[in-house]
Amino acid sequence: MITLPQLRPQVRTGLRLSRAAGHGRPAAPVRVVHLGLGGFVRAHQAWYTDNAPDAAGWGIAAFTGRSRALVEALAPQDGLYTLVTRAPDGERLRVVSSLSAVHGGDEHDAWLGYWADRAVAVATFTVTEAGYVRAAGGGLDTDREDVRADIAALRADRHARVRTAPGRVVAGLRLRRATGAGPMTLLPCDNLPDNGRALERVVLELADLVDPGLAEWIVGHVAFGTTMVDRITPATTDGAREAVRAATGLADAAPVATEPFSEWVVAGDFPAGRPAWDEVGAQLVDDVLPFERRKLWLLNGAHSLLAYAGGALGHRTVADAIADHRVLGWVEAWWDEASRHLALPPDEITAYRRALLDRFANPRIQHLLAQIAADGSEKLPVRVAPVLRAECEAGRLPLGACTTVAAWVLRLRGHGAPVSEARPERVAGLADGSLADAVRAVLGRLAPGMGAHEPLVAAVLDRARTLEALAA
Ligand SMILES: NC(=O)c1ccc[n+]([C@@H]2O[C@H](COP(=O)([O-])OP(=O)(O)OC[C@H]3O[C@@H](n4cnc5c(N)ncnc54)[C@H](O)[C@@H]3O)[C@@H](O)[C@H]2O)c1
Ligand SMILES: O=P(O)(O)OC[C@@H](O)[C@@H](O)[C@H](O)[C@H](O)CO
């Protein structure tokens, strides 16, 4: 089934999307600034904003992190794009209008301009886990070259170009303080536990390093919200572009394909206001933690298992891997382990697991395991390690978690697809030496102290040998 609610037949013949030609809505005034323009924000936050009853008053100015490719695709079509929602039995297309402006990450003056604007009330982020430039303990990683460069730049000149996400935020907030543009909310939407506190910590630490008094101003004027975000959104492919052209006749250079399911749980204050996201499905709560753990452990933890163990068996997509009964068994084992540590009613967990199986099996979502496998050193400590540790402390050896760790060890040792890490030096040499040494080192990195837990080391080694044999 294909429905085209916002593409009227008389305008379907134009070559590209255009507000002047009547596609979508007129651009709303910018009141939200976003860093990390990619697939996810367009399938999620921008979609909620577009659905909100007050959408006409809430435009988003979205910046990429680095590359200008998406800006070059979206700017000629006025920030409009087609959201392709893929259910197992058909797809639905609609034009999303909430991106009022799109910018490259290199447009620093434009970035600063929004932060100095009192109308801008919220800044949102999807900069990946690595984008928060945190050291192992969660504080700002001042050993990084890009963080050091930002510190030097911010000390030298308040308009100097900076590169990291915290650097950009600190530059923006410093200007906001100087211009008296008032309070606002920062809302990270990445798969990080307690992402509001994570962002707050790196921003305050950086502010303290570059401008005495700024951190104090931030504490008094800036609210850091915390979120759980969920909508499986693979990278856009030519297939999505072709699907849009076939259905609408339009050449959309940057559609997004996503699944029907969507969840957004938000905790925080909005002193300068926000779109009525809660009227279109977002849940405003006091505590995100139970939702976050359910999602991060059951969905993202299973994704990482599928990515490394499924990848070791030669699978390419999530749907391929979950159709393999051996992989499914490992995922179910992982879910049993993780579920024991979730403070949620058992029937709620059962329903979530059942729904996840359907979501993973969706044949129209071509979610590449290689995309999920990137940045394991950032993801496994938060998706898998807490359950691994809790199970060991309870005297159990968790088979599912051990399988994920074992598969990651093998990946780091060169089995299967190449390792993709934002900071490759973090894993360089980590899994060298004998397999047993590698398992000890990797466990110690993921969960400090666990590398010396000999029964756990033996269990992971056993899983690694089993995987090697199955992959041979
Ligand atoms: N895709 C999903 O299904 C999904 C679902 C839930 C949450 N998320 C969160 O959203 C993030 C982005 O996902 P996506 O699918 O939009 O990816 P994407 O690759 O389409 O876009 C990522 C954006 O972040 C920017 N970026 C990357 N590294 C950065 C850095 N170090 N500093 C600043 N900006 C950086 C990129 O330039 C790009 O603009 C994920 O890492 C995850 O935390 C994604
Ligand atoms: O986006 P990442 O790289 O943090 O993780 C990859 C996937 O696990 C993730 O994108 C999920 O699809 C998403 O979190 C579902 O909401």
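The questions and answers below go through parts of this predicted model and how its descriptions are reached.

Q: Why is Ile365 called buried?
A: A residue counts as buried if 20 or more other C-beta atoms lie within 10 Å of its own, and Ile365 has 21 C-beta neighbours inside 10 Å, so the word applies to it. Ile365 belongs to the loop between α13 (346-361) and α14.

Q: What makes Arg86 and Ala319 contacts of Ile365?
A: Two residues are in contact if their C-beta atoms lie within 7 Å, and, once neighbours within four places in sequence are left aside, the residues in contact with Ile365 are Arg86, Ile232, Pro234, Glu259 and Ala319. For Thr185, the C-alpha atom is separated from that of Ile365 by 33 Å, with the two positions 180 residues apart along the chain.

Q: What makes strand β7 (residues 184-188) largely enclosed?
A: Five of the five residues of β7 are buried, so the strand is largely enclosed by the rest of the structure. Met184, Leu186 and Pro188 point one way from β7, whereas Thr185 and Leu187 point the other way, and all are buried. This fits a wider pattern, since in a regular strand the side chains alternate between the two faces of the sheet.

Q: How do you know that β7 pairs with strand β6 (residues 122-125) and with strand β8 (residues 222-224)?
A: Two strands pair if at least two bridges are found between them; β6 and β7 have four bridges in the parallel sense, and three bridges join β7 to β8, which also run parallel, so both cases satisfy the condition. Thr185 takes part on both sides, as the bridge partner of Val122 and as the residue opposite Ala223 in β8.

Q: Why are β9 (226-230) and β12 (283-284) said to stand at the edges?
A: The open sheet of three strands has the order β9-β11-β12, with mixed pairing. Each of β9 and β12 has a single partner strand, so one side of each is left without a neighbour in the sheet.

Q: What makes strand β11 (residues 263-267) and β12 a pair?
A: The condition is at least two bridges, and β11 and β12 pair over two bridges in the parallel sense, so the condition is met. Val266 has Leu284 in β12 as its bridge partner. Helix α10 (residues 289-312) lies across β9 and β11, and runs at about 40 degrees to β9.

Q: Why is helix α15 (residues 376-383) described as largely enclosed?
A: Seven of the eight residues of α15 are buried, so the helix is largely enclosed by the rest of the structure. The buried residues are Gly376, Ser377, Glu378, Lys379, Leu380, Val382 and Arg383, and what covers them includes α10, α14 (369-373), α16 (385-393), α17 (399-412) and α18 (435-446).

Q: What makes Glu129 and His303 part of the surroundings of ligand 2?
A: A residue is near a molecule if its C-beta atom lies within 6 Å of it, and the residues around ligand 2 are Glu129, Asn191, Asp230, Arg231, Ile232, Leu299, Asn300, His303 and Ile372. They divide into three nonpolar, three polar and three charged, and the largest share of this shell, three residues, comes from α10.

Q: Which helix gives the most to the shell around ligand 1?
A: Helix α1 (residues 39-43) gives the most, with three residues. In all, 24 residues surround ligand 1, and the closest are Gly38, Phe40, Gly65, Gly131 and Asp190.

Note on methods
Residues numbered from 1 in each chain as written. Chains lettered and ligands numbered in written order. Predicted model: local features only at pLDDT ≥ 70, side-chain atom pairs only at ≥ 80, totals over all residues. Axes fitted to C-alpha atoms, helices over the stretch in contact; angles between N-to-C directions. Buried ≥ 20, exposed ≤ 12 C-beta atoms within 10 Å, placed from the backbone. Nonpolar A, V, L, I, M, F, W, Y, C, P; charged D, E, K, R; others polar.
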